[in-house]
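Biologist: Could you take me through one part of this model in some detail? I'd like a close look at the largest pocket and what sits around it.

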Amino acid sequence: MSKGVKLYFMRHGETILNRYNRMQGWADALLTEEGRQGIAKTGEALRHIPFSAVYTSDLSRTVATAQIILANNVMTASDITIQQLPEFREEYFGSLEGLEAQPIWDDMAAYVSEHFDPSLMSDNELVRRQVDAFHAIDPEHDAEDFLTFWTRVEKGLIEVTQRHRETDQNILIVSHGMTIRNMLHELIPEFSLDTFLDNGSVSIVRYQDGHYHLDSFNQLDNFN
């Protein structure tokens with residue numbers, strides 16, 4: 001079998017804004033104590049996975065998550081550098097940042113239903129239209145639309161994949177719920193997400209022979 005690369009996409013631990021169900025994109029917030037404890041548990045489950053490189057967004061919640069994972073890992077070089085890529089930031093929600101999340105998600109869903117027919121769209125297309133809807137319902141229209149968002153994220157993905165392809169390495173990428181969700185939808189044509197990603201969860205994607213394959217999704221333990 002030809003060589004490839006295995007990407008461990010991990011969502012950051014619970015933050016203060018997560019706890020209070022607030023919109024959190026580029027707005028940064030500290031991990032809660034429960035969030036740190038949850039990441040430590042996932043780190044224990046990942047402790048025997050040797051990571052050859054570690055990437056995060058440039059937001060502190062992903063960097064702190066990666067630090068906890070590495071502190072628990074016995075197979076990764078102790079002097080490994082956490083490489084921060086702004087391309088892996090969360091979707092930017094503009095003037096919606098920090099507001100109560102549920103009403104905004106309801107408004108987003110209403111916008112999509114009013115302007116599109118979800119029954120005629122693939123799951124991938126629906127996810128794209130949801131990102132566009134956040135842009136539309138932001139009174140300032142500063143929230144990222146899908147093209148802006150995906151152009152940014154795809155740049156980071158291409159950089160990491162090209163750097164490590166055909167190495168058979170394990171690469172840890174600590175990012176954000178919406179960002180990982182959209183990456184999985186764009187990379188895995190058959191992927192269908194019917195749940196939110198858990199804080200601290202890992203979804204493993206293998207890149208081989210020019211194609212991405214989903215090996216596991218939203219996993220918290222029992223890593224091989």
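Modeller: Here's a walk through that pocket, followed by a few residues worth looking at alongside it. Keep in mind that this is a predicted model. The largest pocket has a volume of about 490 Å³, and 21 residues line it. If you want to find its centre on screen, go to Arg-11, Asn-18, Asn-21, Trp-105 and Phe-196, the lining residues that lie nearest to it. Three helices each give the lining at least two residues: H1 (16-19), H4 (101-115) and H7 (177-187). As for chemistry, the lining is a mix, with 9 nonpolar, 8 polar and 4 charged residues.

Now pick out Asn-21, one of those residues nearest the centre. Asn-21 sits in the loop between H1 and helix H2 (33-45). At 39% relative accessible area, Asn-21 falls between the 20% and 50% cut-offs, so it counts as partly exposed. Its backbone is a bit of an oddity: phi is positive, about 55 degrees, although Asn-21 is not a glycine. Most residues other than glycine have a negative phi. Asn-218 also has a positive phi of about 55 degrees without being a glycine, but you'll find Asn-218 in strand E6 (residues 211-219). With a relative accessible area of 17%, Asn-218 is under the 20% cut-off and therefore buried.

Back to H1, which also holds Ile-16. Ile-16 has 40% relative accessibility, so it counts as partly exposed. Together with Tyr-20 and Leu-30, Ile-16 makes a nonpolar surface patch of about 340 Å².

How values were computed
Residues numbered from 1 in each chain as written. Predicted model: local features only at pLDDT ≥ 70, side-chain atom pairs only at ≥ 80, totals over all residues. Heavy atoms only, no water. 1 Å grid on protein atoms, 1.4 Å probe; cavity = no way out; pocket = protein on both sides within 12 Å on 5 of 7 lines; lining within 4 Å. Points joined across faces, edges and corners; volume = space filled by probe spheres on them. Helix = DSSP H or I, 4+ residues; strand = E, 2+ residues; numbered from the N terminus. Nonpolar A, V, L, I, M, F, W, Y, C, P; charged D, E, K, R; others polar. Patch = residues over 30% accessible without salt bridge, like charges linked within 9 Å, V, L, I, M, F, W, Y side chains within 5 Å. Areas by Shrake-Rupley, 256 points an atom, 1.4 Å probe, with all protein chains shown as cover. Salt bridge = Lys/Arg side-chain N within 4 Å of Asp/Glu carboxyl O. Buried < 20%, exposed > 50% of the residue type's maximum accessible area, 1.4 Å probe, protein only.
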